[in-house]
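Please find below my note on this chain, set out as numbered points. It begins with a single helix and then moves outward to the chain as a whole.

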Amino acid sequence: MRSLTAAALQLAPHPGPLTANSVAENLNRAVELIERCVGATGADLLVLPEAVTTGFTPGIPVEDLWDLMSPVPGPTTEPVQQAARRLGVHVVHCTYERGEERGVVYNSAVLIDPAGEVLGVYRKTHLFPGEREWVTPGDSVTVVDTELGRIGLSVCFDGDFPELFRIQAVRGAEIICRPSALLRSADIWELTTRARAYDNHVYLIGANATGTDPAGVHYFGNSLIVTPTAEVVARAASHEGWAAARLDPADAMRTLTPGSDRAQTFDHLAERNLSLLDKHQKDLIRQARTPFRLGGGS
């Protein structure tokens, strides 16, 4: 990984019912924000929020969503690809992706390079309750070599599942991007984003939506950039804009606790107890559920 400037962008989806015009408007506004952010920060890597072309909750039947979306690459990625090429930057774009069969829609994060080419696509693997009504889950992990470093991809609710991030870290990810439209509290957003960075000693760029989506659901922004020792080095507010920070690998593991003078002395990846994991690997894939009643009560 080389030293770079990263930015987590947050913007509100077009209000009202989802149409082809609102998808086009969302893309135009995403490109405009990318251009403004690069002009202000010189960012090398920009991460857009989850489902930026539509808003997270589409509010229309999945067949209609399939009709509005495109394969990747396609019309729902091309304006961002052109912006990446024009500005010479890497962009993590996030959009619903049309599958091969009508009614199959993925929630996808797309890594685009400075030539405007798609380097990698990750299809969200952990779907939020209710999301299965319009999204088909993915079944693979995506970690991509770039000229900036090795970048892993996740989407929103994935951040609640440590195993996905551990796999990416073991595969050499140095930066993991988390486009989101989080439907829980700002505390949970910060907790999970910082924990996944600290668990795995990776930079984590969390771009969270703001505003209101076509189904009337609200989002709070608070996009974050976190270091491999869990320090929040940039944080946005709740309005449209971005959080940007300079990421220097020479400083990534410098101190035990952010702001202290004690050197970092352990490595969560190197110091895993592999014999324990080997002994209990079947437990990791065994069906399980919380002993507590969902929604409360006895």
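**Helix α4 and its surroundings**

1. In this predicted model, helix α4 spans residues 162-170, and its buried residues are Leu164, Phe165, Gln168 and Ala169. Because these residues cover an arc of only 135° around the axis, they are placed on the same side of α4. The general background is that an α-helix has 3.6 residues a turn, so residues three or four places apart point the same way.

2. As to what the buried residues of α4 pack against, the partners are both strands and a helix: β5 (118-123), β6 (143-145), β7 (150-153), β8 (175-180) and β9 (203-208), together with α5 (186-200). After α4 comes Gly172, a residue with a positive phi, near 100°.

3. Glu163 also belongs to helix α4, but with a relative accessibility of 47% it counts as partly exposed, because the partly exposed class lies between the 20% and 50% cut-offs. Between the C-alpha atoms of Glu163 and Tyr198, which are 35 residues apart along the chain, the separation is 13 Å.

4. Is Leu191, a residue of helix α5, buried or exposed? Its relative accessibility is 53%, and since the exposed class begins over 50%, Leu191 counts as exposed. The C-alpha atom of Leu191 is separated by 19 Å from that of Ala252, the two residues being 61 apart along the chain.

**The chain as a whole**

5. The secondary structure of the chain amounts to seven helices and 14 strands. Of the contacts with a separation of 6 or more, 67% are accounted for by residues 24 or more positions apart.

6. How does the radius of gyration of the chain stand against that of a compact globule? For 298 residues such a globule would have a radius near 19 Å, and the chain has 19 Å, so the two agree. Taken along the principal axes, the box filled by the C-alpha atoms is roughly 55 × 55 × 35 Å.

7. Turning to burial and surface, 49% of the 298 residues in the chain are buried, while the chain exposes about 13,600 Å², of which carbon and sulfur atoms supply 51%.

8. On charge, the chain carries 27 positive and 36 negative side chains, and the centres of these two sets lie 5 Å apart.

Key: Residues numbered from 1 in each chain as written. Predicted model: local features only at pLDDT ≥ 70, side-chain atom pairs only at ≥ 80, totals over all residues. Heavy atoms only, no water. Helix = DSSP H or I, 4+ residues; strand = E, 2+ residues; numbered from the N terminus. Rg over C-alpha atoms; globule rule 2.2 N^0.38 Å. Buried < 20%, exposed > 50% of the residue type's maximum accessible area, 1.4 Å probe, protein only. Contact = heavy atoms within 4.5 Å. Areas by Shrake-Rupley, 256 points an atom, 1.4 Å probe, with all protein chains shown as cover. Lys, Arg positive; Asp, Glu negative; His and termini not counted. Charge placed at Lys NZ, Arg CZ, Asp CG, Glu CD. Arc of directions from axis to C-beta.
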